[in-house]
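Please open the model in your viewer and keep the selection panel handy. We will go from one selection to the next and look at what is there.

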Amino acid sequence: MAGKARKVQRGELHRPPGVGGMSGVLALLLAATAVIGLVAVLRVDNWGERGSGLSERFEFSFEELLTVDPELVGYRETGQVEVPLSSVRALAAVPGGGWLVSGEGAILGFDAQGASTVRITVTGEPTCLAVAGEDHTYPGRIYAGMPSGVERFAPGGESQGMWTAGLDENSRLTSLTVFEGSVLAADAGNRVVLHWDAEGQLLSVIGRPDPSRNIRGFTVPSGFFDVAMFADGVLRVANPGARRIEAYTLEGDFLGEWGEASAAIEGFFGCCNPSHFAILSDGRFVTAEKGIPRVKIYSEQGQLETVVATPEQLSPRLLASRAFREDQTTAVLGVAADAADRILVLDALQRSVRIFEPRGGSSDAT
Amino acid sequence: MVARERLAPLRGRIRRASALLSWAAWGTALAAVPARASDIIPVPDFTDYRVPISVPPAVEHPGWEWLSVLLLALALCLASYLALARRSRRGVYALTVACLLWFGFFREGCVCPIGAIQNVALALGDPGYALPASVLLFFLLPVVFTLFFGRTFCAAVCPLGAVQEVVAVRPVQVPRWLDHGLGLIPFFYLGLALLYAATATGFVVCRYDPFVAIFRLSGNFNMLVFGAAVVLIGVFVGRPYCRYLCPLGAVLAVCSRASKWHVRIAPTECTRCRLCESSCPYGAIELPTRPLPSRMRPAARTRLATALGLAPLLVLAGVLVGGLLALPLARLHPEDRLAERVLREDQGLVEGTTDASEAFRNTGRPVEELVADVLAIRAGFRLGGRWLGAWMGLVVGLKLIALTVRGKREDYLPDRGRCVSCGRCYKYCPEEQMTLGDLREQAEWESAETAEVASP
Amino acid sequence: MPEAGRTDRRGFLADALRTSGGFALVGAGGFLVGRRGQEELQVWQLDPDKCTACGNCATYCVLDVSAVKCVNCFDMCGFCDICTGYFETNYWSLDTAAENQLCPTGAVIRRFVEEQSGQRFYEYTIDGPLCIGCGKCVKGCALMNGSMYLQVEHDRCVNCNECAIATACPAEAFYRIPANQVEIVKQSAIGVLERRGRQQLREADEDPQLREEGESLLARAAVQRQWRARQAGWDARQQGEEAPRGS
Ligand code: SF4
Ligand code: SF4
Ligand code: SF4
Ligand code: SF4
């Protein structure tokens with residue numbers, strides 16, 4: 001019928017073509033096209049399960065930085081004490097043994113065996129802690145950096161008031177340290193170290209740029225800025241933006257510096273490291289880094305001596321995951337050396353204090 | 001039932017998984033490490049450098065949405081006028097091209113009335129979703145117009161229909177059995193799309209839209225292949241997407257059956273000259289019916305009775321089958337896939353990880369929580385699947401009834417459901433030519449008629 | 001038009017049915033729209049706090065060059081000399097040589113700002129047209145300050161009814177947001193925006209432009225806070241009700 005209709009059309013300019021029947025060949029072709037279309041649809045990867053398909057150059061790979069030569073690792077983990085808080089923030093060693101940890105709403109004390117000692121309830125989250133030793137005016141006193149100032153606590157936990165001298169709205173206290181009659185705090189917001197006496201009287205501000213005294217100032221790109229006093233009466237300050245540790249007198253005179261920027265294990269990684277450090281009783285330095293979380297020990301002169309904890313130990317997800325997040329790269333929120341020179345690491349991801357001791361040493365921790 | 005049997009081991013697995021989860025410790029820990037604003041300290045004081053502020057580019061086209069709604073309404077009015085009052089195929093065609101250019105190539109497809117069904121369904125199913133008024137109008141306008149004028153939206157306004165309209169240059173007839181069979185797909189697709197939209201799984205109609213990649217001249221390669229295939233088929237089979245896939249087409253077909261006015265082939269009276277019989281590329285023209293010879297009536301009545309009796313059974317069967325389909329249906333939900341993957345990883349059934357499973361581990365969300373979520377989603381799909389099954393049973397049942405009922409038709413009329421009001425058939429009708437007053441043509445048509453009648 | 005066979009009564013009934021059907025539809029729709037008290041256009045945006053910079057944003061967008069691009073929130077940036085979002089992690093020297101650059105398309109631009117007491121500061125800007133949204137620099141930056149993050153740029157995005165990346169995003173980071181919200185900043189950036197806004201207002205004095213900038217920053221931050229709060233509320237409610245989760 002189709003053919004006949006078409007024959008009529010040929011003579012008829014005004015008759016538009018009608019709709020003919022479907023021939024077998026056409027039907028086959030159409031079916032084939034339909035199958036091709038269907039296959040194409042089924043091949044669409046709607047869920048991104050085949051990955052982005054970007055070439056290798058788009059891959060962010062830093063695996064080689066995450067693995068550390070085991071020969072270099074001179075410490076091993078001997079214990080881990082969980083912190084029963086919803087978040088952890090700061091760590092300080094107690095001179096006589098044990099440690100303090102702060103988190104949202106509380107400061108918790110632990111003895112050297114990891115048993116709980118005190119619990120101090122606070123409002124907000126203390127961002128840094130220090131405990132006075134026997135040399136201090138008030139032995140055993142606890143200092144806590146709060147968002148609004150420095151709060152003092154008796155060894156038993158009773159608050160003794162707060163001071164705010166030298167602080168302004170930009171201030172962000174990231175570290176506290178105590179020495180004889182002095183209390184010192186790192187103020188990351190203003191990029192200076194504040195020096196008070198034990199009553200909260202501001203004595204000096206250390207680290208304001210001053211070319212005449214050869215003081216260049218601190219570079220603090222992110223909220224990590226650590227200070228520590230050593231028994232020699234010299235203040236050590238981490239200058240993270242310069243990847244250095246610098247030494248100052250309590251009067252604020254620059255004494256010296258060490259440290260080198262490098263992604264390799266010998267140096268400090270990225271833009272702002274070391275994020276934290278502590279000083280062992282013999283004057284060696286324990287440093288912690290963010291970005292590539294690692295804890296290392298340097299000699300007094302700044303030579304790498306050994307690795308305490310590797311990125312694999314501190315943030316296993318970093319190695320496991322192509323999809324890491326910022327919080328995994330800031331696994332360490334504090335390091336401290338306790339009375340026995342064990343190294344305490346405040347692990348943000350596991351919310352615990354992890355204890356490291358030299359390989360071959362005694363292991364008496366919990 | 002299969003669904004329950006498959007869920008039971010999943011629950012068991014959850015319990016086991018939660019026991020041996022090496023990630024559990026990580027999970028709770030990570031969740032509690034928010035990024036702290038206080039970790040970010042002010043930038044250094046620069047002497048003569050102002051720290052720039054990144055300002056995101058504004059959304060460019062909020063006013064355009066309303067322009068589009070306005071144009072949609074205007075185009076619908078115009079299409080209805082051209083198709084029904086002016087009976088101008090040429091006008092309809094011109095409007096088709098204009099709408100193709102504007103709604104298709106210029107607006108690049110989104111949001112279209114077909115997709116808008118899903119937005120409405122999502123608004124019903126997800127309290128978190130706010131339905132924009134413009135999107136609602138995109139859905140409502142065509143429906144309301146169809147209730148009054150038939151599918152004039154499909155005739156000239158829909159950009160998807162327009163692509164197919166312009167490429168339909170060598171249409172052939174699709175065998176009736178195939179046409180009716182494939183014609184059920186849009187109803188199924190509609191049900192599926194509503195289910196997936198209401199469960200916040202996704203907008204499958206948008207995902208598998210064959211033409212949007214063509215409008216944008218970019219997109220996923222496979223979708224371009226699919227689009228090309230549909231266009232190619234569309235050269236020979238009129239409007240394959242409209243007839244065999246489009247879920248809005250299904251909605252509009254139903255509305256159109258109840259429309260107040262509708263396109264007629266003959267402008268005045270149909271003389272049953274049969275000239276229009278094969279003029280519709282979409283197979284929408286119904287022939288006049290002859291009364292059944294009385295000896296066939298009892299058989300017809302039995303058929304009808306069977307169809308009527310079958311319909312509720314089909315609905316019931318649909319409910320049963322739909323319940324069984326819950327799990328496969330839920331597979332399209334990203335969280336379902338994720339939970340499956342995560343559990344399999346935990347049990348060591350699969351090697352390695354996927355981006356999704358890693359991202360999940362990184363959030364620190366406990367696996368138990370994900371699994372509980374997925375069980376809720378599956379429960380939703382069990383319910384939705386039953387509705388879907390019932391709907392399909394109903395559609396098939398009604399189709400069977402419709403096939404057995406012989407309406408009383410004296411004229412050549414377009415089937416109101418399938419006719420897209422494109423007006424291609426007008427000029428085949430000699431009455432139309434008469435009305436237009438072209439008697440010379442009329443004479444030619446008559447001779448053509450004789451020629452055709454001579455060859456039955 | 002002809003409905004010849006029907007009696008008037010049937011015609012009337014049908015009309016009534018149609019009209020009331022139409023009204024019912026419009027009414028139901030109006031209810032749906034009004035229920036949320038928020039009926040404006042919605043657009044897609046990704047939550048940078050959820051994003052894992054997987055790379056899918058670069059390739060799954062329906063556009064040839066993705067609508068997703070990197071932004072640097074300068075007030076979160078350290079202006080560091082060694083930017084881990086700019087340099088390869090195993091950089092050899094800290095210059096702009098291509099082999100040291102992390103960005104495969106060279107879209108991160110490093111510009112010297114100034115030297116302060118021996119420390120050199122640099123600005124890192126994203127060259128929009130070059131960036132393809134692969135997220136490599138975002139991963140790099142996440143090691144340090146995390147000031148770089150991805151966002152859908154709405155002058156490019158064609159606002160698909162279903163964003164192809166949203167479906168493919170392994171982190172389920174995509175959301176529909178009200179068009180006038182435009183962005184989702186990192187949670188940690190909200191406070192930073194506020195701080196900058198207040199600072200601008202303090203410094204504004206006479207300068208109307210500074211004031212305007214400051215005010216718009218505060219407004220942006222307020223919108224972000226609101227969105228986060230609402231999101232948190234919904235998440236909690238959905239978990240409580242075990243309702244299907246929506247994005
Ligand atoms: S059937 Fe669907 S695709 Fe075809 S014209 Fe109508 S709405 Fe558009
Ligand atoms: S797809 Fe998702 S996770 Fe991947 S880069 Fe885009 S937003 Fe980030
Ligand atoms: S690394 Fe990727 S996301 Fe970053 S600027 Fe380059 S192209 Fe854009
Ligand atoms: S909505 Fe469309 S254009 Fe926009 S980012 Fe998603 S896929 Fe790209």
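**Two ligands, one chain and a patch**

Start with ligand 2 of this predicted model: by class, its shell holds eleven nonpolar and three polar residues, with no charged ones. The shell has 14 residues in total, and the closest are C51(C), T52(C), C54(C), C57(C) and C169(C).

Next, select ligand 3. Which residues come nearest to ligand 3? They are C103(C), C131(C), C134(C), G135(C) and C137(C), out of 13 around this ligand. The shell of ligand 3 consists of nine nonpolar residues, three polar and one charged.

Now show the whole of chain C as a cartoon. You should find six helices and six strands, and if you trace them from the N terminus the order is α-β-α-β-β-β-α-β-α-β-α-α. Chain C has 247 residues, 57% of which count as buried. Switch on its contacts too: taking pairs at least 6 apart in sequence, 70% join residues at least 24 apart. With a surface drawn, chain C exposes about 10400 Å², and carbon and sulfur atoms supply 54% of that area.

For the last stop, move to chain B and select L310(B), L313(B), L400(B) and L403(B). Together these leucines make a nonpolar surface patch of about 340 Å². Colour α16 (297-324) and α20 (367-404) of chain B as well, since each supplies at least two residues of the patch.

Finally, zoom in on L400(B), which is found in helix α20. Is L400(B) buried, partly exposed or exposed? It counts as partly exposed because its relative accessibility is 31%, and partly exposed residues fall between the 20% and 50% cut-offs.

Key: Residues are numbered from 1 along each chain as its sequence is written. Chains are lettered from A and ligands numbered from 1 in the order in which they are written. This is a predicted model: local features need pLDDT of at least 70, side-chain atom pairs count only at pLDDT 80 or more; totals for chains, interfaces and linings use all residues. Side-chain values use heavy atoms; hydrogens and water are left out. A residue is near a molecule or strand if one of its heavy atoms lies within 4 Å of it. Ala, Val, Leu, Ile, Met, Phe, Trp, Tyr, Cys and Pro count as nonpolar, Asp, Glu, Lys and Arg as charged, and the others, Gly among them, as polar. Helices (H or I, at least four residues) and strands (E, at least two) are DSSP runs, numbered from the N terminus. Buried means under 20% relative accessible area, exposed over 50%, partly exposed in between (1.4 Å probe, protein chains only). Contact means heavy atoms within 4.5 Å. Accessible areas come from the Shrake-Rupley method with a 1.4 Å probe; for residues, only the protein chains shown count as cover. Patches are made of residues with over 30% relative accessible area and no salt bridge: like charges are joined within 9 Å, nonpolar side chains (Val, Leu, Ile, Met, Phe, Trp, Tyr) within 5 Å. A salt bridge is a side-chain nitrogen of Lys or Arg within 4 Å of a carboxyl oxygen of Asp or Glu.
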